[in-house]
Amino acid sequence: MKKMKMVATGVCAAALRFGHDAGLGPLAVIFGLEGAGDRVAPEDAWETSPGWKWMPMAANLQVVFYRDKSGEVLVKVLYNEQETKARGLVPLAGPYYRWQDLREHVSRAIERFGDLK
């Protein structure tokens, strides 16, 4: 909740967490990021799904929060330093999503994958 207080108060801040590629891969799939978790035929995987590209050991995921002129909280996602989109979610404009929409999108994915425990 502390991070959301930063957005609510308008304080400019960064909250960084570090982990390994093994933890980031499933998180990228939960976000539904384009390129991560794409389904391909096994015989085509060597050509269309290079793991080194989507999940290098030095991978990173950035969720950047903004507030527009009307006060609405917007967010964009950078995956390996590149703006990316979430499959199944329509951005407000360009790479920007309403925070509420992205949060619900991720929550639904967590519920869906929760049965895999």
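**Exercise 1.** Find the side chain that makes a polar contact with the side chain of K76, and describe the setting of K76.

*Solution.* The side chain of E83 is the partner, at 2.8 Å. A polar contact is a pair of N or O atoms within 3.5 Å; within protein, one must be able to donate a hydrogen and the other to accept it, and residues adjacent in sequence count only if both atoms are side-chain atoms. This is a predicted model: local features need pLDDT of at least 70, side-chain atom pairs count only at pLDDT 80 or more, and totals for chains, interfaces and linings use all residues. Residues are numbered from 1 along each chain as its sequence is written, and side-chain values use heavy atoms, with hydrogens and water left out.

Next, place K76. It sits in strand β2 (residues 73-79); strands (E, at least two residues) are DSSP runs, numbered from the N terminus. K76 is buried, at 11% relative accessible area. E83 is partly exposed, at 48%. Buried means under 20%, exposed over 50%, partly exposed in between (1.4 Å probe, protein chains only).

Last, classify the pair. K76 and E83 form a salt bridge (a side-chain nitrogen of Lys or Arg within 4 Å of a carboxyl oxygen of Asp or Glu).

**Exercise 2.** Which residues do shared salt-bridge partners join into one network?

*Solution.* Start with E72 and R98: their side chains meet at 3.0 Å, N to O. E72 lies in the loop between β1 (61-67) and β2, and R98 in strand β4 (residues 97-98), so the pair ties together parts 26 residues apart in sequence. Now add D101. Its side chain meets that of R98 in a salt bridge at 3.8 Å. Thus E72, R98 and D101 form one network.

Note on methods
Helices (H or I, at least four residues) and strands (E, at least two) are DSSP runs, numbered from the N terminus.
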